[in-house]
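Good morning, colleagues. Please keep the sequence and the structure in view while I speak.

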Amino acid sequence: MRKYNELIFELSKPGRTAYRLPENDVENIAVEELIPAEYLNDDELNLPEVSEVDIIRHYTNLSDKNFGVDTGFYPLGSCTMKYNPKINEDMASLDGFKNIHPLQSEETVQGALKLMYELDKALCEIAGMDKMTLQPAAGAHGELTGLTLIKAYHENRGDTKRTKIIVPDSAHGTNPASAIMAGFDTIEIKSTKDGLVDIESLKAALSDEVAGLMLTNPNTLGLFEKDIKEIADLVHGCGGLLYYDGANANAILGQARPGDMGFDVVHFNIHKTFSTPHGGGGPGSGPVGVKKILLDFIPTPTVEKDGDRYYLDYDYPKSVGRMKDFYGHFGILVRAYTYILTMGRDGLKKASEMAVLNANYLGHRLKDHYNLQEDTIFKHEFVLAGLKDGLSEVTTLDVAKRLLDYGYHPPTVYFPLIVNEALMPEPTESESKETLDEFADALIKIAEEARENPEILKEAPHNTPVGRVNETQAARNPVLKYEG
Amino acid sequence: MYPYIPNTKDDEQRMLEAIGFNKIEDLFSDIPDNVKLNRDLDLKPSMSELEVANYITKLSKENTTINDLTCFLGAGAYDHYIPSIVGHITSRSEFYTSYTPYQAEISQGTLQYIFEYQSLICNLTGMDVANASLYDGGTAIAEAAFMASNVTRRQEIVISKTVNPQAREVLKTYAHLQGIKVIEVEDEGGVTNLEELQSHVTDKTAAVIVQSPNFFGIIEDIEAIEKVAHSQKRTLLIASVDPISLGILKTPASLGVDIVVGEGQALGIPLSFGGPYLGFIATKKSHMRKLPGRIVGETIDTEGKRAFVLTLQAREQHIRREKATSNICSNQGINTLAAAVYLVTLGKKGLREVALQATQKAHYAMNEITKSGKYKPLFDKPFFKEFAITSSADADEINSKLLEEKILGGYSLGKEYPQYKNGILYAVTEKRTKEEIDRLSSVLEGMI
C-alpha cells in the first residue's frame, strides 16, 4: 500500500462536496432580515471542500496507521486494555438508546432509567457499596467526584481544618492532580521497599488536618495491599475517609470488594474493568460508589424506583450538586451493563482469575531477563525494573520502541515513578497462553539484542508508519493546528 | 465457555504448573481473610449473547425515541442530522479499540485526527489553539473558569444567568472546591443585563462567562459584553458557543473572546440520553500553556517526515501530578473523530447551510406558533435555532398533549426561571420539515 501522509485540508478543492441537504421548504428569507448584520460572519468558513470518497479513503488510511486491541496485544499497564465485545457496540446503537433526548419526560425513557438503576445495583454489589452515581465521565472525574464528597462530608460536620489528602508515591498521577483540583493539599507517603504502603509513614502523616487517603488496591505495582484493614482503621481513627481508585479493579472481581476493605468512596473505570472501548482516549465512564455516610452528599440526580416506575431523584438537599451535564455517559453505561450481564457473577470472577494468572505467568517468563521482584504474587499487572545485565545506555524507552517492530503495543513505561526504568505490562484475561509466550519471546529476544546490538534498539522502531518522533521539537516549537 | 477468555482448562493447568502453583485460588492467597469475599457475587449467572441481546433490546424498546416522535426539544442537546459516514468511520475498531496515543509511532491515525479536529475547532472559532477535548459543555465551562482563575490569580467568576442552567450548576460545584466565588447576573428581556454585569466586574474578577446563542436561543451582544469584561485589566471573557451557529455568526475570536468553550454534541454525536458528548475549548496562543487536557502537535520523525505527537505535556497530570493544570486523563476521544468527520463532511458550504436552514425554520416556526395570538414570543431579540414562547397554559400540560400527538415538545422554562413560568423553549433544526412545523403549530393552536 502506498504511504499515505495527507491532511484532510490538503485534499480540499473548491466545488467538491460530501453533503446534500433537502431543499429548504419554508419561506426563504435572507438571513440579514432575521438576524442583525452586525452579528453575522461575512467571511467564508475556513473548512475543507472534499467528497465523501475523499473522506472515507482519508480516514481509512489513517486507521491503517493505528494500533488497537483488535489489531493485537496491547498490554498497557494500569489501563486494562481488554477486548471490547462487539455486542456492546450493537446494544449502545439500538434506536431506543441512541436516539433518546436527555430531557424527555421520564415516562418516555423508562427502559433507559431501568438500565441505569440495575447497573447501579450491580456495581454496588461488585464494589460492596451502598449507592452509585453514574454521572462521572471518566476515572479522573470519578476521583474529583469522590473528593468532592469527602469535602462535603467534613464541611457538613463543621470540620474545616481537614485540608489534606494523603497519596502514596506509587499512585496514578490523576490522584494528586484531582486532590489539588478539589482544593486540597497533598501529603505524599513513601512505599516500603516491597512496594506497599509504609504504615509508619502513614501514621506520621495522619493528623486532624487529614481529610482522607487515596489508594489503589491492588496498587500500581500489581501488589495487593494486605494491610488494608489496618490502614483503613488508622485513617478512620483519625477522622479521615478512604478513597478507592478503581483503576486496578480488574484484579479482584468477585474476590474482594473495596467496601469490605473499609473504603468509603470508590470509583470504577468502566472502560477498563467493564470492557467498554478506550476510543483513542475516551469517552470513558467513572461511576462513583458511596457508603451510607456519604449518601446525603451524592451528586444529583440519582435514578430511583417507585413500584414499577423509575425516576430521576433530585431530592438530596445536601447534595454537592452536579458534576456534569445530564446523567453521565449513558452510551458507555449501556455497553458496561451488557458486559456485566454477559459475564455474570461467574464470568466476572473468571475474568479476574485469568487476568491474574496471565500476569503471573508473563512475569515468570520474563524474570530471568528483566528485573522483577522475587517470590511475589502479582495481581493483574507487574512492573519490570529494566533489563538484567543490560548496557546502561539501553533504556526502557528503547525496549518499548523495539517492541513496536515486533508488532506489539508496549506496556506502560516509566510508571510507577518509584521504579527505575519501569516497564509495566498488564495482559488482561483477553489473551491466550500462545500470545503471552510469543510476547515473552519477543521481549527476551530484545534483551539479547540489547546486549549484542544495542543500536537496533536505539534506532527503533524500524517498520512502523513513522520512525521515532521528535517530541522535543514538538514542544519547543508548537504547531498545534494546520496553517495551510 | 466464555467467548472473551481464550485460555483453555489445559492452558490454565500448564501455566499454573510453570509458575509453581496448584490452583487458581493460590494466586489470591495474598488477599487476607478479613477482606476476602467468601461467597459468590449476588449477580445473575453468565448468559449467552442472544439472551443478553434480547433483554437489553427489550429495555431499549421501553423508550420512545426521536424516530417515534417529532423533536422540538433542545436546551443543550440537539436533533441535527448525522451523515451516515460519521458512524462508519468512528466504528472502525483500529480507532475505537486504541487508547490515548502514548506511543506515537503506532498511533498516527488517532494523533492526526485529533490534530485535524483541533485545527477545525480553531478555524471555526477563530482561536489559535484548541485541546483534544473535555467531557462536555458544562465541565468545559468549569475548566475554563479554573483556567482563568489560574491565569489571573483571581478568585471571582461572573456568569450570566442566560448560560445553560446545568452548566452553571456544574460550575458552582467545581468553584466551591477551590473557594472561587460565582456571581450570577440576571437576564433582562432574555439577554445578559449589561449594567448589572458591569457592577460585578472588579479587579477581583477572573472571568466573565456568557453563552451565545444563549440558553433562550438569543444571540448575545458579545461586542458590548467584551467591553464590560475587558474594562478590568486582565479579566478574561469566556464564551460558550453552539458550534453550528458559527456557520453564520461572527467568530468568537473576532469579538475579543479569550477562551471559547462549548458542547460539541451537535457535530455528529447521537443524543444517547445525554452522553457521551464532547466538550471543546480553544484559546489564544498566550494562554496555551494553561490549557487543560491533551494537545497534539505536529513534528517530524527521524527521517524528517511529518508526524504527530502528544505535546506540551508539562501541563498534564501524568507528568506534573499535583502541579498539573487539570486532572483530566481520559477525554472524549472518539467523539472528536465524529466531530471532525461531521465538519469536513459538511465543509465550507454545508455547515453554513445547516445553520441557515435551522435559522429560517426556527423563525418560520416562531411566526406560525404565535400568529394566532394564543401564544406570544417571550422575548423580542434576535435568535438562532431556539426561541421561547409563552401562553396562558401550563407548559407541562402542553407537553403532555403534544406527546399524545407524537410530538416531543419544548423545554419548560419555569423550573429554572420562575419568572418565565409558562415559558417553553423550542428548538428547530434543519431536520424539521414545513409539514412537521405546521403540525406543531396547529396542534398547539387547538389546545387553547
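**Salt bridges, the interface and one sheet**

Let me begin with a single residue: Arg322(A) has a relative accessibility of 2% and therefore counts as buried. Before going further, I should state that this is a predicted model.

What is the partner of Arg322(A) in a salt bridge? The partner is Glu169(B), and the closest N and O atoms are 3.6 Å apart. Glu169(B) belongs to helix H7 of chain B, residues 165–177, whereas Arg322(A) sits in the loop between strand S9 (309–313) and helix H13 (330–366) of chain A, so this pair joins two chains. With a relative accessible area of 28%, Glu169(B) is partly exposed. The bridge thus has one buried end, Arg322(A), and one partly exposed end, Glu169(B).

A second pair is formed by Glu105(B) and Lys401(A), whose closest N and O atoms are 2.7 Å apart in a salt bridge. Here Glu105(B) is located in the loop between helix H4 (93–96) and helix H5 (108–125) of chain B, and Lys401(A) in helix H14 of chain A, residues 396–405, so this pair, too, joins two chains. Are these residues buried or exposed? Both Glu105(B) and Lys401(A) are buried.

There is also a network: Glu125(A), Arg257(A), Asp260(A) and Arg39(B) are joined by salt bridges that share partners. Within this network, Arg257(A) and Asp260(A) form a salt bridge with closest N and O atoms 2.9 Å apart. Arg257(A) is buried at a relative accessible area of 10%, while Asp260(A), at 27% relative accessibility, is partly exposed.

Next, the interface as a whole. How many salt bridges are found between chain B and chain A? The count is nine; the search of the whole structure, over all chains, gives 51. In another salt bridge, the side chains of Lys324(A) and Asp136(B) meet at 2.9 Å, N to O. Across the interface of chain B and chain A, 95 residue pairs are in polar contact, with both residues at pLDDT 80 or more. Helix H11 of chain B provides 24 residues, the largest share of the side of chain B that touches chain A.

As to extent, the contact involves 186 residues of chain B and 198 residues of chain A. The area buried between chain B and chain A is about 17,200 Å², and carbon and sulfur atoms give 62% of that area. Tyr4(B), Phe273(B) and Arg321(B) account for 6% of the area that chain B buries against chain A, more than any other three residues.

H11(B) leads us to the sheet, since helix H11, residues 334–370 of chain B, lies across S13, S14 and strand S17 (424–427) of chain B, at about 10 degrees to S14(B). Helix H12 of chain B, residues 395–404, also packs on the sheet; H12(B) touches S16 and S17 of chain B, and its direction makes about 40 degrees with that of S17(B).

In what order do the strands of this sheet run? The order is S13-S14-S17-S16 in chain B, an open sheet of four strands with antiparallel pairing. Its edge strands are S13 (376–377) and S16 (411–412) of chain B, each pairing on one side only. S13(B) pairs with strand S14, residues 386–390 of chain B, in the antiparallel sense over two bridges. In that pairing, Lys376(B) stands opposite Thr390(B) of S14(B).

Thank you for your attention.

Methods:
Residues numbered from 1 in each chain as written. Chains lettered and ligands numbered in written order. Predicted model: local features only at pLDDT ≥ 70, side-chain atom pairs only at ≥ 80, totals over all residues. Heavy atoms only, no water. Pairing = 2+ DSSP bridges. Contact = heavy atoms within 4.5 Å. Axes fitted to C-alpha atoms, helices over the stretch in contact; angles between N-to-C directions. Salt bridge = Lys/Arg side-chain N within 4 Å of Asp/Glu carboxyl O. Buried < 20%, exposed > 50% of the residue type's maximum accessible area, 1.4 Å probe, protein only. Buried area = accessible area lost by both parts, 1.4 Å probe. Polar contact = N/O pair within 3.5 Å; in protein donor to acceptor, adjacent residues only side chain to side chain.
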